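Reader: I am new to this structure and would like a close look at a single part of it, taken slowly enough that I can follow each step. Please begin with one residue and then work outwards from there.

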Amino acid sequence: MRKETWILLMHISTVERLPITTTGSPLLVRTKTFQSVFFVIPRERDCHEMHQTLLRLSQPVNLEELYCFHYKSTPDDLPKSAGWNFFDIQTEFQRMNVPNEQWTLCNANRDYELCDTYPSEIYVPARASSAVLLGSASFRSRGRLPVLAYLHHNKAAIARCSQPLSGFSARCMEDEQMLDLIRRANPNCGYMYVVDTRPRINAMVNRAAGKGYENEAFYENIKFQFMGIGNIHVMRKSLQKLVETCEQNSPTMSSFLNGLESSGWLKHIKSILDTSWWIASAISGGVSVCVHCSDGWDRTAQVCSLAALCIEPHYRTINGYQALIEKDWLSFGHKFTARCGHVACDSRERSPVFTQLLDCTWQLLRQAPEAFQFNERFLLTLHDHAHACQYGTFIGNCQKDRRDLRLSERTFSLWGYMASHLNEYKNPLYNPKAYPDILKPDLSAQSIRFWRGMYCRHESGVHPRESLADLLPAAVHHATALTHHIDYLAKRISTFKNLLSGRKERKDDTVVNYQNGSSDTVDIETKMEAAEIDNKQSAMMSCTPIRAHDVTSKSKHRQHARTLHYESGGNLSELECANHDHPLKEGAPKIIPLITEKADAMIPATLSLLEAEISTVALDWKTIKNVTECGCSTPLDHFSRKHHCWGCGRVVCTRCVAARAALPALHAARAAPLCAACAPSTPSTPVTPPDLLTSAT
């Protein structure tokens, strides 16, 4: 089978020319999504030209050349403004009951004069004066003074900043006052922690450059803690070794485990989680924590967001996790453009800091899947789009950069795209009551796992397994479709049972008369008055069927009359299921009753139409296992999102299941996903009866 492999230009990480062989010039392309593609080009000149072209296209010179500024969405998709207004930092802090008596909104950074890598809205202790703010900002690297990042309901706070410019002996009274005010903003504890995420030796080396760490003698009632997370250079080298390990053609168990151990990747993931849980434990215990690393936008962002993830159930939802990224990463100045390599720049600035956040989140998701509303695909989508530059959400290094580029006006938002595909990211195991409060991770060495879904996702192996995140939603959707179909059948059975048993359900003067006779038809006449018919009249009416168009031509007030014409297939085979007064049962009254029922415009007029209505829903769905290609010839592998058409039950790709329409045989108000073959035969507007809509909602 022919299979196409698409690689986004912005996903290209490196392009390497290998030594010439007898078959041609090899070219190795590594991507930021951990895919390696090996080309053999017959002519060396062509290989050189391809090498230079790929380097130029994958590393634009400036941000204006990125794809997000040229991407045009289809007319059926969301507008360009969708998603940009999903998050507001003031709304997020209001959710935490801020501002309050202890914390207030500071306007000193409205024009980014205090710190150009911080958001324009920052929250500081209410008693902090302008002099204290300015003095503390001047004493911190890049002007990143201590500000509020998260406030717990017990008044304990997570504050963040950068390293002090202390050198070997420098001190700043305003900075000391600032930390003391943060400590006092928590009336329930008399001390606080300052967490330096770096190894102590690294912090000591920075003293020679006029930076360093706080002198404990100058800060009262504050306890200091070093955590030992490596810097961006250590993480970059670690990931390179991990990728080399995963690229082995036929690795043995020992070679893979040795490579994984030598990379140190899992050790780094554990150190980040250890630090995050330490902070979360302190906050849940009522003690405030101020966190910093070197510049406060890499390791600080990691541990602050992960600590909040453990503490706050809101951040374990889809919208909450997006808000967490917006607040702790985008607003507080993580350098996405530099760390992800969006444009040509110093390669030493690139580092998998955001990838580690997603990896740590996956570790928590794997340990407690019922605690998270999102699934693994949600995390992979965030990772890939952070590097793809199709949307403007992750472009730039800080909030000021994004506003200067006018990204909300010129580009689409990733949040808008994900909102329109929300069902793809929902975790079917999510139970918000399972972890209503703090989430305690298992940080033992054997509990930290290698994330195959991220780093080896393009290696299908001999027997590729379908993702549990795909199998469970498929089962849930199938069960949902069957449940709605059962509800529909129960409603239809109840309707016909009432008609056959002669039950009356009058809500107005309009009645429908079902007259059983010796002919093969059942004819219905709508009348505006009650009627009494004897046996002779009944026989006459049964021999002379009255059609709806005859009735409507008699009088103006009968224009709503209609005829239900069902071909009789013979006597009923299970009369015991009918009511005791059924006209065909033994002992039934000799008088054929007049069956009066309210007219329902949604009852199919013929048996063939009824059968067609019932068959609009597929009862048997094809399994997603071993499905390698969609009907449109799009290849489907273990990483592709596979969907089911509710109309025919076939497995299709995301593009082919874009159509949605209400199905008559579903007792549900929402539209069902359909493939292109089933969509045209389905009405474009919901056709669910009004009574079904009411019960469904």
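**A cysteine and its surroundings**

Author: At a relative accessibility of 1%, Cys389 counts as buried, and I should say at once that the model in which we are looking at Cys389 is a predicted one. Cys389 is found in the loop between helix H13 and helix H14, the latter covering residues 399-404. Its backbone deserves attention as well, since Cys389 has a positive phi of about 65 degrees although it is not a glycine.

A positive phi also occurs at Asn221, again a residue other than glycine, where the value is near 55 degrees. Asn221 lies in the loop between helix H5 (200-206) and strand E9 (222-226). With a relative accessible area of 44%, Asn221 is partly exposed, whereas Cys389 is buried.

Since we began with a cysteine, it is natural to ask how many disulfides the structure holds. The count is zero, and Cys68 shows how this comes about: the nearest cysteine sulfur to that of Cys68 belongs to Cys389, and it is 6.3 Å away. A disulfide needs two cysteine sulfur atoms within 2.5 Å, so Cys68 and Cys389 do not qualify. Cys68 is itself buried, with a relative accessible area of 0%. Cys115 can be read in a similar way, for its sulfur is 8.7 Å from the closest cysteine sulfur, in Cys398, which is too far for a bond. Cys115, too, is buried, at a relative accessible area of 2%.

Another cysteine, Cys290, takes us into strand E10, which spans residues 289-292 and is covered on both faces. In a regular strand the side chains alternate between the two faces of the sheet. In E10, Val289 and Val291 lie on one side, Cys290 and His292 lie on the other, and all of these residues are buried. Strand E7 (residues 157-160) runs parallel to E10 and is joined to it by three bridges, with Ala159 as the bridge partner of Cys290. Strand E8 (residues 192-196) is also parallel to E10, with four bridges between them, and here Val194 is the residue that stands opposite Cys290.

Aromatic side chains add a further layer to the picture, with 29 aromatic pairs found in a search of the whole structure. In one of them, the rings of Tyr71 and Phe412 have their centres 5.4 Å apart and their planes at 70 degrees, so the pair is edge-to-face. Tyr71 lies in the loop between helix H1 (44-58) and helix H2 (89-95), while Phe412 lies in the loop between helix H15 (407-410) and helix H16 (414-420), so this pair ties together parts that are 341 residues apart in sequence. Both Tyr71 and Phe412 are buried.

A second edge-to-face pair brings us back to H13, the helix that precedes the loop of Cys389. Tyr321 and Phe378 have ring centres 5.9 Å apart, with 70 degrees between the planes. Because Tyr321 lies in helix H10 (residues 318-331) and Phe378 in helix H13 (residues 376-388), the pair ties together parts that are 57 residues apart in sequence. Tyr321 is buried, and so is Phe378.

Aromatic rings appear in other settings too. One aromatic cluster is formed by Phe34, Phe256, Trp265, Trp362, Phe450, Trp451 and Tyr455. The charged end of Arg95 sits over the ring of Tyr315, 5.2 Å from the ring centre, and Lys223 lies over the face of Tyr191, at 4.2 Å from the centre of that ring.

To set this part within the whole, the secondary structure of the protein chain comes to 22 helices and 17 strands. Of its 697 residues, 50% are buried, and Cys389 is one of the residues that count as buried. Among contacts between residues at least 6 apart in sequence, 71% join residues at least 24 apart.

Note on methods. Residues are numbered from 1 along each chain as its sequence is written. This is a predicted model: local features need pLDDT of at least 70, side-chain atom pairs count only at pLDDT 80 or more; totals for chains, interfaces and linings use all residues. Side-chain values use heavy atoms; hydrogens and water are left out. Buried means under 20% relative accessible area, exposed over 50%, partly exposed in between (1.4 Å probe, protein chains only). Helices (H or I, at least four residues) and strands (E, at least two) are DSSP runs, numbered from the N terminus. Two strands pair if DSSP finds at least two bridges between them. Rings of Phe, Tyr and Trp (its six-membered ring) pair if their centres lie within 6.5 Å; planes under 30 degrees apart count as stacked, over 60 as edge-to-face and the rest as tilted. A charge sits over a ring if NZ of Lys or CZ of Arg is within 6 Å of the ring centre and within 35 degrees of the ring normal. Contact means heavy atoms within 4.5 Å.
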